[in-house]
Amino acid sequence: MPSRFALAVLAGMGLAAGAVRSGFKPKPVPVPQLGPDAFPLPEADPPDDMDVIAVPTGVNHRNALYAYRGGSYFDRRDFYIGAALVKHPQGDLLLDIGFGRGIDQQFSTMPKLFQKMTKYSVWRPAVDQLAAAGYDMSRLDAILLTHAHWDHMSGLPDFPGVRVMVSRRDLESYLNPHMHGRFGPPFSETHFEWDPFDFDGGPYLGFPRSLDVYGDGSIVCVPSPGHTPGSIVIFVTTAAGLKYAFVGDLVWQREGLIRREERPLASQMWADFDANGTRTNIIKMAQVVAAIPELVVVPAHDQNAFADLGRLPHVKTDGITLQNPVDLAKLP
Ligand SMILES: [Zn+2]
Ligand SMILES: [Zn+2]
């Protein structure tokens, strides 16, 4: 007959296993029902000749189990790692930058456990793709980060002299050695052309404050703290109306907002600075999505989302091929 102690250990193990399992189960975040007029569309006067273009630099090999609650281990999700180029007459912006030429060296400085858990493939750094496409670098006004994590900023050293817009809170946490957490110290390069910003504009689509980058309502950032202290969402409005929401790592795949499924508990503990903050902002974004069904939500690591964007011309597809539907083989 097993001793009381053994029974207690078994019961404890059972409880722990149950807790781990339940952390992966679907559990949609409840969202208050709002009427269709809950968010009047913000005023905007965007120029006619804007364009939004995907610049994939590689992938991080993951699966849906890791990405959102209710996802399957067998549902392979190669996370998009890259940028979006927003063309604007006042100056183009790159939203995030993805893998750069130095990624392998940068990655080798990260914590060993993180290295063990992470397998990535580099396709081509953004700077080389832009050059191959014949892009005029003098048009690039800034790189605008959704947040200061390695996979969103690795390519910064490839763009010397280009200003890097980042929320002041995220820059502070990036430069603070006590805030590096599980991702380890920042890359050895810390002296970029930082252009930290605050949100000096009023409420926007239910978010408390905003920053209107060019003053025409075409590119508007709002604070979305949680994944990192200074994470943001970037709304892009073209002449056709409000079109895109670049939500960074608020969710990793669209299911995070469509099904309102948070990251599984284990991923949350691993990746989120403040899971409650992330949940609050998932609720806000889910309300925006419900109110504006035509909005294209672009989580930073969802290939399906980037498939809805334009493409760079003349970029050859040597190197890796991203899994569908970002089908680089069909690039001109
Ligand atoms: Zn991140
Ligand atoms: Zn990320």
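**Phe99 and its ring partners**

I began with Phe99 in this predicted model and asked whether the residue is buried or exposed. Its relative accessibility is 0%, so I entered Phe99 as buried.

I then ran a search for aromatic pairs over the whole structure, and the search returned 20 of them. One of these joins Phe99 to Trp150, with ring centres 6.1 Å apart and planes at 40°, so I noted the pair as tilted. Because Phe99 belongs to the loop between β3 (92-95) and α3 (103-108) while Trp150 belongs to helix α6, the pair ties together parts that are 51 residues apart in sequence. I checked the partner as well, and Trp150 counts as buried because its relative accessibility is 7%. Following the rings outward, I found that Phe99 and Trp150 belong to one aromatic cluster, which they form together with Phe107, Phe114, Tyr120 and Trp270.

**Thr118, beside the cluster**

Which residues does Thr118 touch, once those up to four places away in sequence are set aside? I listed Asn60, Arg62, Phe107 and Trp150, and I noted that Phe107 and Trp150 are also members of the aromatic cluster. Thr118 sits in the loop between α4 (112-117) and β4 (120-122), and I recorded the residue as buried, since its relative accessible area is 2%.

**Charges over rings**

I looked next for charged side chains placed over aromatic faces, and wrote down two cases. Arg263 lies over the face of Trp252, 4.3 Å from the ring centre. The charged end of Arg124 sits over the ring of Trp123, at 5.8 Å from the centre of that ring.

**The zinc site of ligand 2**

Which protein atoms serve as donors to the zinc ion (ligand 2)? I found Asp151 (OD), His152 (NE2), Asp249 (OD) and His301 (NE2), at 2.0 to 2.5 Å from the ion. I then took the angles that the 4 donor atoms subtend around the zinc ion (ligand 2), and because these run from 84 to 156°, I entered the arrangement as irregular. Along the sequence, I wrote the spacing of the donor residues as D-H-x96-D-x51-H. The pair Asp151 and Asp249 links distant parts of the chain, 98 residues apart, with Asp151 in helix α6 (residues 150-153) and Asp249 in the loop between β11 (241-248) and α8 (255-258).

I also looked at what else Asp249 does, and found that this residue bridges the zinc ion (ligand 2) and the zinc ion (ligand 1), which lie 3.4 Å apart. Both aspartates were then checked for accessibility: Asp249 counts as buried at 4%, and Asp151 is buried with a relative accessible area of 8%.

**Nonpolar cores**

How many residues make up the largest nonpolar core, and which of them touch the most other members? I counted 43 residues in this core, with Leu94, Leu156, Phe159 and Trp194 touching the most other members. Strand β2 (residues 76-87) supplies the largest share of the core, 4 residues. I followed Leu156 further and, leaving out residues up to four places away in sequence, noted its contacts with Ile97, Ile143, Leu145, Val164, Phe192 and Trp194. A second, separate core has 28 residues, among them Met165, Ile232, Val298 and Ala305.

**Backbone entries: Asp96 and Arg260**

I picked out residues other than glycine with a positive phi. For Asp96 the angle is near 60°, and I placed this residue in the loop between β3 and α3; Asp96 counts as buried because its relative accessibility is 4%. For Arg260 phi is near 55°, again positive in a residue other than glycine, and I placed this residue in the loop between α8 and α9 (265-271). Is Arg260 buried or partly exposed? With a relative accessible area of 27%, I entered Arg260 as partly exposed.

**Pro225**

My last entry concerns Pro225, which I located in the loop between β9 (219-223) and β10 (232-238), and which is partly exposed, with a relative accessible area of 33%. Leaving aside neighbours within four places in sequence, I found Pro225 in contact with Ser231, Gly277, Thr278 and Asn281. I also took the separation of the C-alpha atoms of Pro225 and Leu250, which is 8.6 Å for residues 25 apart along the chain.

Definitions and conventions. Residues numbered from 1 in each chain as written. Chains lettered and ligands numbered in written order. Predicted model: local features only at pLDDT ≥ 70, side-chain atom pairs only at ≥ 80, totals over all residues. Heavy atoms only, no water. Donors = N, O, S within 2.8 Å, 3.2 Å for Na, K, Ca; no water. Tetrahedral: all angles 85-135°; square planar, octahedral: opposite > 155°, others 65-115°. Helix = DSSP H or I, 4+ residues; strand = E, 2+ residues; numbered from the N terminus. Buried < 20%, exposed > 50% of the residue type's maximum accessible area, 1.4 Å probe, protein only. Phe/Tyr/Trp six-rings, centres within 6.5 Å; stacked < 30°, edge-to-face > 60°. Lys NZ or Arg CZ within 6 Å of the ring centre and 35° of its normal. Core = buried A, V, L, I, M, F, W, Y, C linked by side-chain atoms within 4.5 Å. Contact = heavy atoms within 4.5 Å.
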